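Reader: I would like to go through this model with you before setting up any calculations. Could you begin with the terms you rely on?
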Amino acid sequence: MLSKEKSINIFIAVLTPLAIAAVVWALRGISADKIDSGVITLAVLTVFCSCYLRVQLPRVNIHLTISDGLIILSMLLYGGEITLMLAVIETTLASLNILRQGVSIKPKTIVLNSYFAALSVFVAAQVVSLIFVSVEVVRERNNLTADIWLVALMAGAMFLVNSILVAIFSSLKKERSFWKVWSDNLGSAIMIYVTGAVVALAIEKALTIENINIYLIAAVVGFFGIVYLTFRKFIDDLRKSVDKAKQAERERAEQAEKHVDELQHYVAELERSGEALQESHEKFRHAAYHDGLTGLPNRNYFMDTLKSLLQASRENSEINFAVLFLDLKSFKTINDSLGHSLGDRLIKNVAKRLASLVREDDMTARFSGDKFGIILTDLLSRDEATAFADRLAKRLSEPYTLDGRQVFTSAKIGIAYGNSKYPEAEDILRDADIAMYYAKDNEENYVIFDQKMHIRAVTRLQLETDLRFAIERNEFELFYQPIVSLDTASLSGFEALVRWNHPQRGLVPPNEFIPISESTGLIIPMTVQILHSACSQVVKWQAKAKTAEPLSIAVNLSGKHFGHPALVEQIKTVIAETGINPESLKLELTESAVMDNAETAILMLKQIKETGVRVSIDDFGTGYSSLSYLHRFPIDLLKVDRSFVSAMEENTENGEIVRTVIALAKALKLKVVAEGIESIHQFHQLRILGCEYGQGYLFSKPLPVADIERLLADNTRWQNILPTTAMPVMPQRSDISHLRLAQ
Ligand code: C2E
Ligand code: CA
Ligand code: CA
């Protein structure tokens, strides 16, 4: 392939001799006499029109000028030779004029344009002489049709030659196909020549009306000039309005683009906020169905799953599942003594162990505090659930290392097998819960629910209801158990022990209803009532009895009541209303009640002590106790649990414990009360150990008021058990039973 530059050069090289030949032909045909004022006028007009009266039609690349018409006119009036020169001059000057206006146009192009002009006129002149012999012949005929043909031929020849040459040049320059370039410019070229032909014919006809007259030509050209200028103004206006329309269109397009952008932005924003909404929706959903601390499903989620399982089991009897209810042992104590953050970490660790043992299809949930639930599905046999519970209990009782310290806990597990007969999912969980309580009561790792447990649970529920009315109906009765000064075997005071005279059941022991009253909160009004009647009772007895020291009264205080903010006020009110000397009142608190939250307990105990009452630690030795705290508690007495006392004689270890407790109490300047003294042997031993007070069936069972009043009348009744010698003789084991006092 030839390079673009090279092809253009070849093109010019081919055209140059042809153009020169055409010019030579023209120059040879022109004689000086042919150049008259008409020719010069026409030449000036042609140049003027081509330079200044040129208009570009809007939207299309067409320049209209009447100079082409004047060229054709020149051919009609003066023949090909003069016209050829006129065309070359006109084209060259027009090109130079364009150059002057600042449009860059190469000299090569200027030369080529003049070649095109020369060649097109030359070919047109040759075609005319070939077909019509000469222009004059046609004109003399004065026939319009012939004239039209003549002009059409001229214009046609010029058009063809010019357009073909321009197309060749453009196709070389732009490296596009000739046909494409030619057909693209066809329209504009035809317009130019058709206009030219019409203008030429019109002027020629106008000139033939009169003799050729230069003024007439000027007038005609002037007329055309005015018409042309008007036309140009019209075209200019048209172009302006087209430009305006284009501008408006552009602005509209820009506006539309802007709108599209905005819309896209808005849609993206909408999508983003949709995503955020979806995300927060999911977060809410997650929070609603999960436990914050462990991330495990919560009770809601668990119940939803259980409900669907129950529904599925109704539709398909093959489906079987079990619900496990777990409760951690001594979690509250760990939480209170080691701090909540450690408690939280323990829960997290437990959750991890649970998750690691439970299969993927099964579910572990945390209900609250230390309570968890598990659903086991697709059980092959019931043993599978119990084997799992066993594994679980063992794994959970392994030590946990938290903050470098070892913490122990264990789980009590209740199991309920799901079946389609359960009316509600809640019932399955309730049964697992009941079974869990059985596991707790019976110190089992796990217990499987059976219907009998349900009956007991219902009974408990009934008791709970009855208990609510017991206070109003005054169904509680206080029994009093004497507390004896061991040194002198004389009555020192009483412990008030509550009994419930149930209208249907008869006497209900406190161990059965105190836990219920604690869980329902009834314990508080109940205790206030007990305190009131015990204190006013003992005030009466103090007045009656002739004891060396005023009789004391011990009242049990529940751990649930101990933390209650109104407690101190309640104590003060009781003291004020009953007139008891506060020193006579001893409040018994179990070891675990104070130890569960030792720091708070110390503050609370101080306030209680400010009222003047005494405080005892009940069941001492059974709880999870920290001896390090003991000296910080503002207390007065320790009550050694009866389990140590009762086992004193058989078990030397228990004897040791009692001995140690007494020694400890002495060191802390506390008095000791031994509970559950049932034999004279125990009595003697405790005396030797220096235990100040005792209480137990040896002296008396808890008795109703009337019996105590009889007892008060006889204050010497225990004197006979005192040893006769200063150093008591240890009784033989065989003596113990008959030495026991009958009630
Ligand atoms: P506790 O405070 O340790 O009361 C002593 C329990 O031991 C009493 O049982 C009493 O009857 C029993 N007991 C006394 N001497 C002997 C003995 O020699 N041998 C045997 N085997 N038992 C003896 P009770 O009255 O059934 O009370 C049981 C528990 O109920 C009490 O234990 C106390 O924790 C609670 N309780 C009783 N009354 C009240 C009360 O008014 N308020 C509170 N919060 N709890 C009470
Ligand atoms: Ca007690
Ligand atoms: Ca006790």
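Author: Donors are N, O and S atoms within 2.8 Å of the metal, or 3.2 Å for Na, K and Ca; water is not among the atoms, so sites may look incomplete. This is a predicted model, in which local features need pLDDT of at least 70 and side-chain atom pairs count only at pLDDT 80 or more, while totals for chains, interfaces and linings use all residues. Residues are numbered from 1 along each chain as its sequence is written, chains are lettered from A and ligands numbered from 1 in the order in which they are written, and side-chain values use heavy atoms, with hydrogens and water left out.

Reader: Which residue bridges the calcium ion (ligand 3) and the calcium ion (ligand 2)?
Author: D618 does so, and the two ions lie 4.0 Å apart.

Reader: What else coordinates the calcium ion (ligand 2)?
Author: Besides D618 (OD), its donors are E495 (OE), N556 (OD1) and E588 (OE), at 2.1 to 2.4 Å. Along the sequence these donor residues are spaced E-x60-N-x31-E-x29-D. The pair E495 and D618 links distant parts of the chain, 123 residues apart: E495 is in strand β11 (residues 490-502) and D618 in strand β15 (residues 614-620). Strands here are DSSP runs of E with at least two residues, and helices are runs of H or I with at least four, numbered from the N terminus.

Reader: And which protein donors serve the calcium ion (ligand 3)?
Author: They are D618 (OD), D619 (OD) and E675, which is listed twice through OE, lying 2.0 to 2.5 Å from the ion. Their spacing along the chain is D-D-x55-E.

Reader: Is D618 buried or exposed?
Author: D618 counts as buried because its relative accessibility is 6%. Buried means under 20% relative accessible area, exposed over 50% and partly exposed in between, with a 1.4 Å probe and protein chains only. E495 is buried as well, whereas D619 is partly exposed at 24%.

Reader: Changing topic, where is I635?
Author: I635 sits in the loop between α22 (627-630) and β16 (637-640). I635 is buried, with a relative accessible area of 9%.

Reader: What is I635 in contact with?
Author: Leaving aside neighbours within four places in sequence, I635 is in contact with L605, V615, I617, L630 and L670. Contact means heavy atoms within 4.5 Å.

Reader: How far is the C-alpha atom of I635 from that of L165?
Author: These C-alpha atoms are separated by 127 Å, and the two residues are 470 apart along the chain.
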